[in-house]
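Me: Please take a close look at the salt bridges in this model. I am new to it, so keep the sentences short.

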Amino acid sequence: MRRLTILIFSFFNVLIFTTSCEDFFKQESDDVLYADKEHLNNAVDTIYSVTGILNKLQVLADRTILLGEVRGDLVDLTSVASNDLRELANFSVSDDNKYNTPSDYYAVINNCNYFIAHADTSLKSNRNEDIFMKEYCAVKAIRAWTYLQLALNYGRVPFFTEPLLTKEAAEAAEKGTQADLQTVCDYFINDLSALPERYNVEFPGYRTIRNTESALFWFPLSIMRGELYLWRACVTKNKEDYKQAALNYYKYISERNGENSAYPTGVTYYMWTPGSSTWLSTTGMISGSFFGTTESKTANGELITMIPGDSIRAEGNYSELRNIFVSREENDYKVSATPSARLFEISASQVNCCLSANGQSVIYAPAGLDQNRSGDLRLAYYYSERDRVDHITNERYKDQDIDKFSSRNVHIWRRMMVYMHMAEALNMAGYPHMAFKILSEGLTTKLINNEVMPYYHYRDTLGNTTTLADSLFLAQFDFPDTRYGIVTADDIVDNLTATHNMLGIHSRGCGYTPMNEYYVMPNDTVETDDTKRAQLIEEHKVFVDSLLLNESALEFAFEGMRFYDIMRYALRQQNPGATMQKIVGARKGLGKNAEITTSLTDQRNWYMKWNGKIGFIGE
């Protein structure tokens, strides 16, 4: 069977992304794809089916990023932007908008439903190992991710988990059960929890497809469960859901590279050179993986999941993101989207803590530096622009480059997202100090025991110190000191200890955060009185939640996460609509490119609707 699989794959290396799935799914209407085979019990059909699903997934790649960025506060549109992009930015998406095609999501879902219903997972190899369980679990994760995207973008969606094989079944599904975000999360939390634990980290072994590493095509189950719990918690405000989200993110971190291994935040940073007085010299352990742009799966690789794109338009699933965000010959060097004034504002407002030459003291970088070098340096690292003149028209224009769009493939999940979402879940579960440490220093078991656990003890009625259940929960997050080490000032100045591999996420662009007196927890005391401690924790949660929202802007701008980060933040507030209106309204672009005439105080306006069939219809 293994030899057969390799043989089949060498054949599909050439055909997989240029061959359509029409032989496996035939389209009989504009809305639904139908299956025409009744079995999946051999390597040919099974691999062909999975790669067919990946092919359908490609169609969703660009809009996944654009729906997450154009509707946020960090992106402004230029005068050449399409009307479809303008509708997204204004939350006034029409039925014929190219990014408003829910049938593309259902094409993936119906393919997944068919595979799940018909794949023969009972087949064993001659070593009594399951043959197709890796594919089965991978497809279940893809289906969960796709349904979550539908729910996040449409709010209320037709929901079915059986394959639609007739037009009548499709019409019934369109008019049948409608699921909101919580319902979708409920279903797939239960659905994925039943899968064997080993498939959290074991994926189909399809090797390289057209020079692209297939190990990056999958959605790890533990991260997917973390996302589902995190979103459900934002709706239900259930503390236990936040806890489960955090544990699932940690599960991925602890298992990704096998037992007795680590998956730390790493030592990738962009800082001012210690002792620099000219504010021109920067340093750092920077590589192509800084924002997950290196497309290989290694032990310390940043990129986790991507959707592959075709290399030329004629192949059908060519990503336009580079032409939207980067000045290229293909777009006559005119971009459609550019950083908003709000992004520059957030970046420049950070206090950058620079180490002295001996690492014993600090100095703070001044405001007003050019080339976006005040505040956080990540923006200056991945974004640049320069004035150009068209030699034919003599028209002056700006040439824009965003390093995050250096590939034909669309990146979905990466390591910093896992750590950031784990911090978000921990904070809202009631552990703001643990979340803060992820931002400021990183985690080791010693640090957790010494600098986090003390905040979760109290005195019982007899005056004895008792460990709270909270402390027992935090003890599950084991970052062994033999495998994880906090980066010190000496490491940055002299690179003395190469084994130190944990850096606070804020330090990736804002200098050495552990010595930054402006980046500290307010009223940071160990409170033993139950009532006062609970009140202090709530105050700290609000503070850290705001830090996390800013950090998401600094770390993930243009990566398709921003609108959803704002949505989760808004859902946690007393008035979600007013919060959304305020944050997105601070986009501060120029003129009509940034105007939002749709009121976001009405939560129904956060979502798209289509053709009277999906979304908050008639409400």
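Reply: Here is a walk through the salt bridges, with a look at some neighbouring topics at the end.

This is a predicted model, in which local features need pLDDT of at least 70, side-chain atom pairs count only at pLDDT 80 or more, and totals for chains, interfaces and linings use all residues. Residues are numbered from 1 along each chain as its sequence is written, and side-chain values use heavy atoms, with hydrogens and water left out.

A salt bridge here is a side-chain nitrogen of Lys or Arg within 4 Å of a carboxyl oxygen of Asp or Glu. The whole structure holds 33 of them.

Start with Arg 414 and Glu 555. Their side chains meet in a salt bridge, 2.9 Å from N to O. The pair links distant parts of the chain, 141 residues apart. Arg 414 sits in strand β16 (residues 410-414), and Glu 555 in helix α20 (residues 530-556). Helices (H or I, at least four residues) and strands (E, at least two) are DSSP runs, numbered from the N terminus. Both Arg 414 and Glu 555 are buried. Buried means under 20% relative accessible area, exposed over 50%, and partly exposed in between (1.4 Å probe, protein chains only).

These two residues also belong to a network of salt bridges. Its other members are Glu 302, Asp 376, Arg 378, Lys 404, Arg 415, Arg 508, Glu 551 and Glu 559.

Next comes Lys 613 with Glu 174. Their closest N and O atoms are 3.5 Å apart. This pair links distant parts of the chain too, 439 residues apart. Lys 613 lies in the segment after α22 (576-585), and Glu 174 in helix α7 (residues 167-175). Lys 613 counts as partly exposed because its relative accessibility is 27%. Glu 174 has 23%, so Glu 174 counts as partly exposed.

Asp 370 forms a salt bridge with Arg 373, and the closest N and O atoms are 2.3 Å apart. Asp 370 is partly exposed, at 44% relative accessibility. Arg 373 is buried, at 12%.

Last, a pair of strands. Strand β14 (residues 383-389) and strand β15 (residues 396-402) pair in the antiparallel sense over 7 bridges. Two strands pair if DSSP finds at least two bridges between them. Ser 384 has Asp 401 of β15 as its bridge partner. The hairpin of β14 and β15 has 6 residues between the strands. There, Asn 394 takes a positive phi near 60°.
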